[in-house]
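Visitor: I am new to this structure and should be grateful for a close look at a single part of it. Please choose one helix and describe how it sits among its surroundings.

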Amino acid sequence: MSENMCTLEMKDISIEFPGVKALNNVNFTMRSGEIRAVVGANGAGKSTLMKVLAGANETYTGDIFIDSQHYELRTPRAAKDLGIELVYQEVDTALFPYLTVGENIMFNSIVTGMKGRAMIRWRKINKSARDILRQLNMDIDVTRKMSSLTLAQKQMVLIARAVREQCRFLILDEPTAPLSLGEVAELFRIVKELASKKNVGIIFISHRLPELFQICQSLTVMKDGQVVANRTVDSSLTVQDIVNLMLGRSFEENFPKIPAPIGDVVIEAEHLMDGEGKVRDVSFSIRSGEIVGVCGLVGAGKTELCKLLFGANRMGAGTVRYKGKPISVHSPTSAVRQKIALVPEERRKEGVLVSEPVYFNLSAACLGKFANRFSFIVRSLEIANAKKLVGDLGIKTPSVYQRVKYLSGGNQQKVAVGKWLTSDSDIYMLDEPTKGVDVGAKRDIFQLIQSLAKQGKAVLYASSEINEILAITDRLYVMYNGEFVTELETHKTTEEEILYYATGGRK
Ligand SMILES: Nc1ncnc2c1ncn2[C@@H]1O[C@H](COP(=O)(O)OP(=O)(O)OP(=O)(O)O)[C@@H](O)[C@H]1O
Ligand SMILES: [Mg+2]
């Protein structure tokens with residue numbers, strides 16, 4: 001055993017929110033140097049448990065021990081003093097966009113160092129920040145403004161800031177959800193190094209189960225506010241085993257494709273450009289009943305394309321035709337009026353009203369449906385619609401009156417998807433609709449999309465998850481560097497072929 005080995009023990013941890021027993025006598029143990037995965041369905045209690053550990057859920061009951069000594073973790077400061085750091089999934093909220101990388105990394109010591117002193121020694125700050133980045137082999141210029149960084153780089157800055165002080169336990173809540181394959185590899189390299197060289201204990205939350213096998217040694221499974229299993233991650237454990245533990249039932253992770261009758265062309269786009277080089281000369285068409293994939297790695301331009309078609313980004317050039325007639329979509333409002341719906345990728349920012357209740361969000365995209373002949377909204381219709389969707393998508397909430405901000409991350413995503421799926425549109429665009437949702441919910445979302453196709457809607461499904469594209473689409477375009485590089489028929493292609501084009505391969 002190494003000298004600075006340290007154990008962490010959470011015993012009988014419970015926490016209750018109005019109407020929800022979020023944690024129910026949870027026991028959780030790990031040691032420094034270990035990389036442990038925490039998995040579970042949306043709303044299982046993963047984030048809540050980790051917030052307790054990080055001092056951000058002060059009302060917990062139960063006991064926390066570090067090296068057998070009892071501690072009260074009722075404030076983030078108390079947790080930080082013990083070397084416990086949490087990197088939240090919404091990295092943007094934890095950073096100061098207009099400060100530099102160096103200032104963000106050194107922020108805590110700038111603030112404490114200022115007490116009683118008027119001078120900030122920038123050169124020293126930048127040097128210290130540079131040293132930390134170098135130790136972690138991160139290649140980021142400390143003088144750059146935070147706002148100019150990619151999401152992956154921002155996350156690395158947060159990790160650098162977390163490990164700057166004596167960090168013994170680092171919690172990463174769904175760190176890989178927004179990252180590309182290369183960025184995930186880089187993150188894993190850093191995480192492994194922190195564990196092996198600096199003896200940091202890493203707690204890793206993710207819904208992408210296969211990736212856990214690349215870095216985790218152990219695994220804790222949560223279900224309905226409880227820990228239901230602890231396992232060693234080795235070759236005897238399979239993804240299927242984990243899913244069974246998570247959902248409490250076996251689950252076939254292939255989605256039977258139900259073909260819908262294909263009709264006339266609904267939407268047709270020619271030579272679309274956004275003027276910023278993110279969408280370059282894109283042409284495509286989608287027929288009624290068709291689910292068309294746009295597959296590309298993170299950053300290929302899928303989001304920009306969706307936003308362009310939805311009127312949220314400015315159109316540089318090109319034409320869009322709806323059932324043969326040219327249309328111009330200059331704002332999201334005009335898109336909705338022209339029966340175009342978008343489930344955006346950044347759902348917390350663009351997709352839901354977090355301070356409003358679930359039922360309100362679920363009807364916000366189609367209020368007309370719930371109005372009586374005097375144009376008053378009939379609340380009972382709204383509530384009935386919301387209850388149905390909560391059931392269809394398995395949204396975990398104590399009631400449809402709960403405010404969305406109190407739902408777990410994945411359940412907030414389901415609300416955002418559900419909201420648009422009930423809108424009365426003809427064209428549905430979904431941008432990474434399964435990001436952050438558990439495997440069971442993924443299937444529910446797929447079923448809803450297929451029922452849209454069956455009703456004769458045109459669906460554009462943008463994703464970097466090739467297996468999803470293969471499972472649900474009829475036809476697909478591969479996007480690379482802002483362009484559609486090829487068009488493929490789903491049942492005739494393979495993962496390898498898509499990856500070839502998605503990484504820059506040409507015909
Ligand atoms: N502040 C809060 N007020 C009310 N309920 C809450 C609050 N925070 C969490 N909950 C509820 O506690 C339960 C557990 O939520 P938690 O965020 O821990 O889930 P999770 O396992 O992280 O899920 P996901 O995979 O979707 O992120 C959920 O039912 C959630 O709605
Ligand atoms: Mg969570």
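**A close look at helix α16**

Guide: In this predicted model, helix α16 spans residues 439-454. Its 16 residues reach 23 Å from the first C-alpha to the last, close to the 22 Å expected at 1.5 Å a residue. The buried residues of α16 are Ala-441, Lys-442, Ile-445, Phe-446, Ile-449, Leu-452 and Ala-453. Because these residues cover an arc of only 145° around the axis, they lie on the same side of α16.

Several elements meet these buried residues. The strands among them are β13 (291-295), β17 (427-431) and β18 (458-463), and the helices are α15 (409-421) and α17 (466-472). After α16 comes Gly-456, whose phi is positive, near 90°.

The setting may now be widened to the nonpolar core. In soluble globular proteins, nonpolar side chains tend to be buried together. The largest nonpolar core here has 72 residues, of which Cys-295, Met-429, Val-459 and Tyr-461 touch the most other members. To this core α16 gives the most, with 6 residues. A second, separate core has 70 residues, including Met-50, Ala-129, Ile-140 and Ile-171.

Val-459 shows the link with the helix in detail. Not counting residues up to four places away in sequence, Val-459 touches Ile-449, Leu-452 and Ala-453, and also Glu-290, Ile-291, Val-292 and Tyr-428. Those contacts include three residues, Ile-449, Leu-452 and Ala-453, that are listed as buried in α16.

Methods:
Residues numbered from 1 in each chain as written. Chains lettered and ligands numbered in written order. Predicted model: local features only at pLDDT ≥ 70, side-chain atom pairs only at ≥ 80, totals over all residues. Helix = DSSP H or I, 4+ residues; strand = E, 2+ residues; numbered from the N terminus. Expected span 1.5 Å × (residues − 1). Buried ≥ 20, exposed ≤ 12 C-beta atoms within 10 Å, placed from the backbone. Arc of directions from axis to C-beta. Contact = placed C-beta atoms within 7 Å. Core = buried A, V, L, I, M, F, W, Y, C linked by C-beta atoms within 7 Å.
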